[in-house]
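User: I'd like to go through the labels on this one and see how each is earned. Can you set the values against the cut-offs?

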Number of protein chains: 2
Amino acid sequence: MKTTLSDHLLERIAERFRVLGEPARLRILRRLLAGECTVGELAQEADLSQANTSKHLAVLLAARLVERRSEGNSAIYRVNDPTLAPLCQLMCDGFAARLEAEARAIGASIEPARGAVARRPRRATS
Amino acid sequence: MKTTLSDHLLERIAERFRVLGEPARLRILRRLLAGECTVGELAQEADLSQANTSKHLAVLLAARLVERRSEGNSAIYRVNDPTLAPLCQLMCDGFAARLEAEARAIGASIEPARGAVARRPRRATS
DNA sequence: TGACTATATGAGCGCATAGTTATATAGTCA
DNA sequence: TGACTATATAACTATGCGCTCATATAGTCA
């Protein structure tokens, strides 16, 4: 069983969330989840300047979400945190559930005028 | 199986992460995960001003992480998103894994000099 | 109605940070 | 060594946002 988290731990957790709360960093991580990659490739595929990419990678590195190694002239980054993929998966699930709720709400506001309209069976909140 | 997320979806996901990347909001959610609650109670227990609490709740409401109902003079908030608890759990797991890795790294740099030092038994991640 | 309580919201301030540009550092290859 | 490439970083700007203070809105109770 799980007791409540201490304030300090909560701040650390918040910091992890904050690091992920940036589209540019998520684009980088999306690419890295497909496999390790150099900074230049990341910059190109995430549509970011080289300097900006480097900075975001520094943030991800400080959060230990990625790890870095040098190879010749290049720096190669890869995902380091095994919880990252399930985390994003769960986030997408929550997002899908919300979209579905919105769809239901819109449907509910339209359908009363038409009476019993065939309604899609409730799906699991996948 | 899961294809790569579109840029637009990624931005929505980032927004969700960003909402969670704030210690004050996590304190609010921590309280709400224990049960629904009025704004005043939340302000007190999360150690926030009334105005600030209200604003954070507005953010959480816009993100559909909580829902709101009026009762008499008060507003009662409760957690709305079923993925929230597992999300935090996963985040804590990732954090614990990181701490453990750090501990191993420190241990590895210290222990070679002393050999097998008595190690405290592993505790659950609080 | 008026006094009181609970919540929401607007204005303003200060700080954190994402972005750019320019430059430094470090490796490769001739 | 010098030219070239890849990456990191410093200086700067602009914007977003968390916070406070003051005020508006809405409900309760006399």
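**Salt bridges and the interface**

Analyst: Let's start with a pair across the two chains: the side chains of B:D7 and A:R30 form a salt bridge, with N to O at 2.8 Å. Bear in mind that this is a predicted model, where local features need pLDDT of at least 70, side-chain atom pairs count only at pLDDT 80 or more, and totals for chains, interfaces and linings use all residues. Residues are numbered from 1 along each chain as its sequence is written, chains are lettered from A in the order in which they are written, and side-chain values use heavy atoms, with hydrogens and water left out.

User: What makes B:D7 and A:R30 a salt bridge?

Analyst: The rule asks for a side-chain nitrogen of Lys or Arg within 4 Å of a carboxyl oxygen of Asp or Glu. B:D7 and A:R30 come in at 2.8 Å, so the pair qualifies. The count between chain A and chain B is two salt bridges.

User: Which elements of chain A touch chain B there?

Analyst: Those giving two or more residues to that side are helix 1 (7–20), helix 2 (23–33) and helix 5 (84–110) of chain A.

User: Why does A:R27 have no salt bridge, and is it buried or exposed?

Analyst: A:R27, in helix 2 of chain A, is buried (under 20% relative accessible area; exposed is over 50%, partly exposed in between, with a 1.4 Å probe and protein chains only). The nearest side chain of opposite charge (Lys and Arg positive, Asp and Glu negative, His and chain ends not counted) is B:D7. That one is 4.9 Å away, which falls outside the salt-bridge limit, so no bridge is called.

User: How do you know that A:E36 and A:R69 are bridged?

Analyst: Their closest N and O atoms are 2.8 Å apart, so they pass the same rule. A:E36 sits in the loop between helix 2 and strand 1 (37–38) of chain A, while A:R69 is in strand 2 (residues 66–71), 33 residues apart. Helices (H or I, at least four residues) and strands (E, at least two) are DSSP runs, numbered from the N terminus.

User: Why is A:E36 called partly exposed?

Analyst: Its relative accessible area is 37%, so it falls between the buried and exposed limits. A:R69 at 33% gets that label too.

User: What else does A:R69 bridge to?

Analyst: A:E71, with the closest N and O atoms 3.1 Å apart. A:E71 is partly exposed at 45%.
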